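Welcome, and thanks for taking a look at this one. Please keep the viewer open as you read, since the notes below follow the chain element by element.

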Amino acid sequence: MTHGQFPYIRGRRLRTSSAMREMVAEHHLKPADFIAPVFVMEGDNSRVEIPSMPGYYRYSLDLLMDEIGELKEVGVRSVLVFAKVPDEKKDNRGTEALNPEGLMQRAVRTIKKQFPEMLVMTDVAMDPYSSYGHDGIVEDGEILNDESVEVLAKMAVSHAAAGADMVAPSDMMDGRIAAMRESLDEAGFKHTGLMAYSAKYASSYYGPFRDALDSAPGFGDKKTYQMDPANVREAVREAKLDEQEGADIVMVKPGLPYLDVIRAVRENVSVPVSVYNVSGEYAMLKAAAEKGWLNEEQAMMEALVGFKRAGADLIATYFAKAASELLNDY
Ligand code: PBG
């Protein structure tokens with residue numbers, strides 16, 4: 001085979017130029033792959049930078065519209081809305097979450113009115129509304145499942161009524177997908193989609209997000225409902241169950257420490273798989289870049305294409321705008 005000239009087969013031939021590399025690239029990113037998380041707060045004409053998420057802001061609804069306009073401009077087609085709830089509106093049953101005039105509901109209506117073609121997804125979970133900062137109703141230090149699911153199903157309907165295209169339950173209670181599908185259908189929202197956070201791990205990478213929404217658990221941790229980082233079979237089980245219960249998209253969260261989980265879930269369900277590149281992953285990269293220890297743009301794109309390689313179809317990421325801008329520049 002070698003006839004003196006060694007080696008005969010050279011992998012480097014396919015890496016000789018940018019055109020060649022692009023031609024043989026196995027995975028591509030595009031702005032429509034991204035879901036941009038957005039944080040909304042009460043007030044007018046204000047934005048607050050989240051200290052642990054440099055360059056990322058919480059917006060009052062009026063300024064959020066400008067931000068969404070910019071996302072649209074660069075080609076991002078979906079947003080995932082999170083609302084910051086004032087302390088005085090929090091209680092153990094997440095009552096404010098069902099208020100038709102609540103911040104989340106107003107935000108959804110306003111976004112859909114101004115940007116009808118933007119896909120609006122909403123976070124369905126009790127923690128931003130809970131006086132305990134937990135994703136369910138608390139009783140004697142325990143997080144109740146079935147009682148919380150009732151509230152969550154109503155929350156899903158309330159978001160759908162406000163105009164959400166998809167609701168995204170991030171609570172990890174058992175049976176919530178079936179309950180939400182049933183409630184949505186009964187209320188006439190047959191086409192409102194469900195993106196299930198199916199494999200959501202009890203992760204330390206949510207820290208900056210909890211700063212953004214002031215939603216850290218008041219006691220204990222979330223390990224009785226969010227998953228153990230040691231497990232992957234359990235993630236597959238959760239994702240399959242959510243698919244059977246009617247989830248339209250299943251999600252793995254966080255992203256970078258869980259690429260194997262994305263792959264395993266991708267191979268075991270037929271619905272699209274999304275990944276959430278969470279706040280701590282954003283913070284980590286930003287911090288290293290600020291110190292000059294990493295090239296921010298390159299590290300960002302490498303992480304994002306890594307999600308696609310692992311098998312993710314969609315990526316919820318705080319880098320949605322920055323990455324789209326770069327992609328448009330090519
Ligand atoms: C709330 C929720 C969390 C995130 C999304 N939805 C935090 C948590 O479960 O404590 C985290 C997102 C991020 O860190 O970027 N249920």
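## Strand β1 and its partners

V38 of β1 has V81 in β4 as its bridge partner. This is a predicted model, and the pairing of β1 is a good place to begin. β1 and β4 run parallel and are joined by six bridges. Strand β3 (residues 57-60) also runs parallel to β1, with three bridges between them; here V40 is the bridge partner of Y59. With strand β12 (residues 314-317), β1 pairs in the parallel sense over two bridges, and F34 stands opposite I315.

How much of β1 is buried? Eight of its eight residues are, so the strand is largely enclosed by the rest of the structure. If you look at the side-chain directions, F34, A36, V38 and V40 point one way, while I35, P37, F39 and M41 point the other way, and all are buried.

## Helix α3

Helix α3 covers residues 103-114. Its twelve residues, at 1.5 Å a residue, should span 16 Å, and the end C-alpha atoms are indeed 16 Å apart, so the two values agree.

Which residues of α3 are buried? They are L103, M104, Q105, A107, V108 and I111. The cover over these buried residues includes β1 (34-41), which we met above, together with α2 (61-73), β4 (78-83), β5 (119-124) and α4 (146-162).

## Around the ligand

Turning to the ligand, you will find it surrounded by D123, A125, D127, D135, S170, D171, Y206, F209, R210, V278 and S279. By residue class, this shell divides into five charged, four nonpolar and two polar residues.

## Backbone details in the loops

Two residues deserve a look for their phi angles. N45, in the loop between β1 and β2 (47-49), has a positive phi of about 50° although it is not a glycine. M172 lies in the loop between β8 (166-169) and α5 (176-186), and its phi is also positive, near 70°, again in a residue other than glycine.

Are these two residues buried or exposed? N45 has 8 C-beta neighbours inside 10 Å and therefore counts as exposed. M172 has 25 C-beta neighbours inside 10 Å, so M172 counts as buried.

One more spot to visit is the peptide bond from K253 to P254, which is cis, with omega near -10°. P254 sits in the loop between β10 (249-253) and α8 (259-266).

Methods
Residues are numbered from 1 along each chain as its sequence is written. This is a predicted model: local features need pLDDT of at least 70, side-chain atom pairs count only at pLDDT 80 or more; totals for chains, interfaces and linings use all residues. A residue is near a molecule or strand if its C-beta atom, placed from the backbone, lies within 6 Å of it. Ala, Val, Leu, Ile, Met, Phe, Trp, Tyr, Cys and Pro count as nonpolar, Asp, Glu, Lys and Arg as charged, and the others, Gly among them, as polar. Helices (H or I, at least four residues) and strands (E, at least two) are DSSP runs, numbered from the N terminus. The expected span of a helix is 1.5 Å times one less than its number of residues. A residue is buried if 20 or more other C-beta atoms lie within 10 Å of its own, exposed if 12 or fewer, and partly exposed in between; C-beta atoms are placed from the backbone. Two residues are in contact if their C-beta atoms, placed from the backbone, lie within 7 Å. Two strands pair if DSSP finds at least two bridges between them.
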